[in-house]
Amino acid sequence: MQHHESTPLIGVTRGEGAWLYGVHGERYLDTISSWWVNLFGHANPRINFAVKSQLDLIEHAMLAGFTHKGVVELSERLSDLTNNVLGHVFYASDGASAVEIALKMSFHYWKNVGKPNKQEFICLKGGYHGETIGALSVTDVPIFKSAYAELIKGTHVVSSPDFRSAAQNSHIAVSGKDLNSKLASHQAHIETPQQVAERAAAEVEELLKERSEFISAIILEPLVQCAGGMAMHHPVYLARIRELCDMYSVHLIADEIAVGCGRTGTFFAMQSAKCWPDFMCLSKGISGGYLPLSLVMTKDSIYRAFYDAQITKAFLHSHSYTGNPLACSAALATLDIFRDDQVLVSNLTLSSKISKALSPLKEDARVKHFRNQGMIWAFDAVIEDSTLGGSFARRFFAKALECELLVRPIGNTVYLMPPYILSDTDVSLMAERLQIVFDEVMV
Ligand SMILES: Cc1ncc(COP(=O)(O)O)c(C=O)c1O
């Protein structure tokens with residue numbers, strides 16, 4: 001709150017396409033999709049129409065003992081997108097709740113099948129899964145977690161497969177137990193992203209060998225750990241973790257809240273590894289960034305473990321606005337746009353245009369680890385004192401606003417995660433102004 005004495009809040013009155021308009025008539029290009037939710041622009045006519053039409057039918061009805069057409073259709077269409085592997089969908093309203101649901105369901109599943117000792121979770125270093133108490137327990141971003149340490153259950157934190165850890169070190173820091181002998185051969189050279197991924201997966205295997213009897217699930221953000229600083233990894237990590245989960249009877253929870261809905265190139269990020277998780281969490285972009293909606297998809301074998309006459313075996317978890325009909329109508333309109341406009345294909349063209357426009361920044365000597373995955377770009381500003389990341393981020397944000405850009409770095413990591421509807425003019429304006437802001441902040 002105190003920072004707002006020097007950077008006042010921006011009052012927003014309306015939005016159109018990728019632009020937000022402020023109370024003084026000023027405008028901002030929303031290069032981060034309003035916290036990664038908005039896929040097809042603000043006030044999108046097709047989503048507006050769907051929500052307005054739904055409003056005249058039913059705005060909300062509880063999803064316990066009742067159901068509605070929108071939620072049924074949405075479940076079926078999402079299930080189809082996984083070739084019906086994840087054929088069951090459990091609804092809530094925000095991302096953190098979806099994570100809570102996946103954790104609870106995993107734990108409860110093992111109890112129902114006679115393995116009540118499986119109570120522990122594994123998360124990745126730098127992983128972010130939301131800020132309710134359960135979700136925080138599998139989040140590893142100290143700024144959000146440290147203050148609540150006493151409230152939070154311990155979790156196994158394994159190394160991130162972040163490929164920057166190879167680029168930075170010519171020898172490898174081993175954070176797992178007794179991996180030295182296996183890793184000796186890697187120590188003379190800088191690893192490839194695939195090798196970083198394999199090393200990180202090997203650490204998970206060591207842990208599973210020792211404790212799988214007590215471990216319920218591993219949770220991860222496939223391909224890009226977003227809030228932890230847009231840390232990207234090779235898809236072989238996901239495939240390897242899937243294999244390990246099968247070998248050691250541990251669930252894989254894919255948190256696709258930020259990376260799902262086409263953000264990384266495929267509709268679900270897990271498709272890059274050609275395998276499916278046991279639980280997949282979606283939120284943010286699924287409603288096109290319109291209304292709070294989240295969901296957890298899972299397999300039939302897991303659903304069946306809860307299908308019982310005894311109420312204690314059932315999965316009892318509810319939120320008042322679970323599966324809200326207006327949110328579902330926005331989600332269905334969002335899926336229509338994906339299908340009708342062949343968005344995954346057109347994003348390939350848009351993504352290469354953006355990469356081209358950003359190429360001067362990529363070559364800039366003050367930039368390191370320029371990286372891109374689908375519709376996410378990130379780079380790290382080379383600043384001498386890494387403890388100044390917070391003030392760098394604030395200065396960058398303020399300077400960007402002066403240049404009509406909404407950009408919100410994470411520490412010294414500048415990233416773009418724009419909506420999928422940027423025009424050519426938007427792309428050049430975004431790249432040119434980003435360079436101007438960067439030059440000014442780096443002085
Ligand atoms: C990967 C991931 N998981 C969970 C969440 C939490 O979602 P929400 O903010 O809707 O609770 C976020 C939010 O940024 C996220 O990026």
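Across the interface of domain 1 and domain 2, 10 residue pairs are in polar contact, both residues of each pair being at pLDDT 80 or more; I should say at once that this is a predicted model. Four elements, namely helix 13 (343-357), strand 13 (367-373), strand 14 (376-381) and strand 16 (413-416), each supply at least two residues of the side of domain 1 that touches domain 2. Strand 13 gives the largest share of that side, 5 residues.

The rule also finds 1 salt bridge across this interface. A salt bridge joins the side chains of Asp 380 and Arg 164, at 3.0 Å from N to O.

Let me turn to the extent of the interface. Domain 1 comprises 2-30 and 343-442, and domain 2 comprises 50-340. Their centres, taken over C-alpha atoms, are 27 Å apart. In contact are 19 residues of domain 1 and 22 residues of domain 2. The two domains bury about 1,700 Å² between them, with 65% of it on carbon and sulfur atoms. Of the area that domain 1 buries against domain 2, 33% comes from Leu 344, Arg 371 and Gln 373, more than from any other three residues.

I move now to the sheet. Seven strands form an open sheet of mixed pairing, in the order 4-12-11-10-7-5-6. Strand 4 (88-92) and strand 6 (156-158) each have a single partner strand, so one side of each lacks a neighbour in the sheet. From one strand to the next, the twist averages 20°.

Strands 10 (residues 251-255) and 11 (residues 279-282) run parallel and are joined by 3 bridges; Ala 254 has Met 280 of strand 11 as its bridge partner. Helix 10 (residues 236-248) packs on the sheet, touching strands 5, 6, 7 and 10, and its direction makes about 170° with that of strand 7.

Note on methods: Residues numbered from 1 in each chain as written. Predicted model: local features only at pLDDT ≥ 70, side-chain atom pairs only at ≥ 80, totals over all residues. Heavy atoms only, no water. Pairing = 2+ DSSP bridges. Axes fitted to C-alpha atoms, helices over the stretch in contact; angles between N-to-C directions. Contact = heavy atoms within 4.5 Å. Domains from an automatic or database assignment. Buried area = accessible area lost by both parts, 1.4 Å probe. Salt bridge = Lys/Arg side-chain N within 4 Å of Asp/Glu carboxyl O. Polar contact = N/O pair within 3.5 Å; in protein donor to acceptor, adjacent residues only side chain to side chain.
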